[in-house]
Amino acid sequence: MATSKHLALTLSLLLSGSVLASPTFSPATQLPAGKWVDLSEDLCDVARQTHNYLAQGSAYDPAAIHGGTTAWLNTPAERIQETLTYICEVVSEDQQMGRASRLTDPDFITQHFELLRWSPDQQRASQLSDDKPLLQRLPADRLLLTKYYVRLTDGQAQQTPETPHALYGLPFDEAQLSLDEADTNRDQITRYRYGKQAIVTKESSNDQATYMRNLAPPLIWLSRDDLEGALLQGTAVVDEPSGDRRYFNVHRNNGIAYDRTQRPEQQERYWYFKEVPGVLGYGKDADYKIPIRPKVTVAGDIFQLGLGRLILLRTEEQGQPVFRLTVLADTGGAFHDNLYQLDWLSGYYRDWDDYYQANRHISDYADAWLLLKKQ
């Protein structure tokens, strides 16, 4: 009986160790079968824009411009840039020859790229899995693939009962300060003074709303749902009656970390926004963010992986395996110490229901490979 108990305990410990494995990046030489989606031109555009950001060098943004910070994943940063350059070279050559994109040919991919199969950090995921069924069911060899989108909103130029919450521009007291200058005066500037709950509460009172407008310029007024969507997605797009679109992107935040144990509407993290010419991804400040495109961009832990990684995803769509090449060109508060998840930019949608109808056939988990051009 004691022997049986000992054996059961041993098996339990072994299984626990397997379930709570750390992330792994294992060399691969073959890819399974599946349909390949061709968005090569958009992929090249994001690759080029990300390369331009990386070209500023690690001294400009050491937190993001590197080849990996972990003992098991450390690549010369130059190889990430070379890989992004090669993507556009292949796209250009294929267009000139009038042939189908070789970036949808698995034989070409395995011949010209080194592949590292990425298995998730189940140990970290398990620590955050309370009330999160998708993390509780995280496979040992697949990443959680969440989806984010560009929020189409019905914004108003003035505060109304239907649109009581503003996207505020940078507070007046730091509008002329660089990010470094503002952070040097952190204890004295408005941005670090308020959490989100205080701001949305003040907006419900006419006197307090006037007080807020004296601190920071309201760029556009939104409903609470649209405000939460903009803060969560990082971007809001307003359709004008003329048919034009206005784009708003996160600029600087109040320094409060995103709390993954709280619902989005309960967060204290708050972003001030900036009007921009299009959809933008990562950048340490709004003065230089990476222009991105849907379906070829993912957000993830650039702080451990390094910005600009070329990532191949294999999902199930309507029950069939589908491959997509993507560029790691964005991040977010949920991706600090997160090597179990990627967030795929899925498109432009009015609200959650609109998004869900368009993406419900795509699986919640994905096989993932990091790709580098072979030397």
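Are Trp36 and Phe323 buried or exposed? Both Trp36 and Phe323 are buried in this predicted model, and the close-up views below begin with these two residues.

**View 1. Trp36 and Phe323 form a stacked aromatic pair.** A pair of aromatic rings is described by the distance of the centres and the angle of the planes. For Trp36 and Phe323 the centres are 4.6 Å apart and the planes meet at 15°. The pair links distant parts of the chain, since Trp36 belongs to strand S2 (residues 35–36) and Phe323 to strand S12, with their positions 287 residues apart in sequence.

**View 2. Tyr270 and Tyr272 form an edge-to-face aromatic pair.** Here the ring centres lie 5.1 Å apart, and the angle between the planes is 80°. Tyr270 counts as buried because its relative accessible area is 1%, and Tyr272 is likewise buried, with a relative accessible area of 1%. In total, the structure has 13 aromatic pairs.

**View 3. Four tyrosines form one aromatic cluster.** The members of this cluster are Tyr53, Tyr60, Tyr282 and Tyr288. Among them, Tyr53 is also one of the buried residues of helix H2, the helix shown in the next view.

**View 4. Helix H2 packs through its buried residues against H3 and three strands.** Helix H2 has 15 residues and reaches 20 Å from its first C-alpha to its last, which is close to the 21 Å expected at 1.5 Å a residue. Its buried residues include Leu43, Cys44, Val46, Ala47 and Leu54. The buried residues of H2 pack against helix H3, strand S10 (297–299), strand S11 (310–317) and strand S12 (320–330).

**View 5. One disulfide, between Cys44 and Cys88, is held in the structure.** The sulfur atoms of Cys44 and Cys88 are 2.2 Å apart, and the link is right-handed, with 115° about the S-S bond. Cys44 lies in helix H2 (residues 40–54) and Cys88 in helix H3, so the disulfide ties together parts that are 44 residues apart in sequence. Both cysteines, Cys44 and Cys88, are buried.

**View 6. Asp367 and Arg314 are charged-type residues in two strands, S14 and S11.** Asp367 lies in strand S14 (residues 365–373), where it counts as buried because its relative accessible area is 7%. A polar contact of 2.6 Å joins the side chain of Asp367 to that of Arg117. Leaving aside residues up to four places away in sequence, Asp367 touches Arg117, Asp141, Arg142, Leu312, Leu313 and Arg314. Arg314, found in strand S11, is also buried, because its relative accessibility is 15%. With residues up to four places away in sequence again left out, the residues that Arg314 touches include Pro32, Arg142, Phe323, Asp367 and Trp369.

**View 7. The largest nonpolar core has 65 residues.** In soluble globular proteins, nonpolar side chains tend to be buried together. Within this core, Leu103, Ile109, Phe113, Trp118, Ile311, Leu342 and Leu371 touch the most other members. Helix H3 (residues 77–97) gives the most to the core, with seven residues. Leu342 has contacts that include Trp118, Leu143, Val298, Ile311, Leu328 and Phe335, not counting residues up to four places away in sequence. A second, separate core has 24 residues, including Tyr168, Ile199, Leu222 and Ala230.

Technical notes:
Residues numbered from 1 in each chain as written. Predicted model: local features only at pLDDT ≥ 70, side-chain atom pairs only at ≥ 80, totals over all residues. Heavy atoms only, no water. Core = buried A, V, L, I, M, F, W, Y, C linked by side-chain atoms within 4.5 Å. Buried < 20%, exposed > 50% of the residue type's maximum accessible area, 1.4 Å probe, protein only. Helix = DSSP H or I, 4+ residues; strand = E, 2+ residues; numbered from the N terminus. Contact = heavy atoms within 4.5 Å. Disulfide = S-S within 2.5 Å. Polar contact = N/O pair within 3.5 Å; in protein donor to acceptor, adjacent residues only side chain to side chain. Expected span 1.5 Å × (residues − 1). Phe/Tyr/Trp six-rings, centres within 6.5 Å; stacked < 30°, edge-to-face > 60°.
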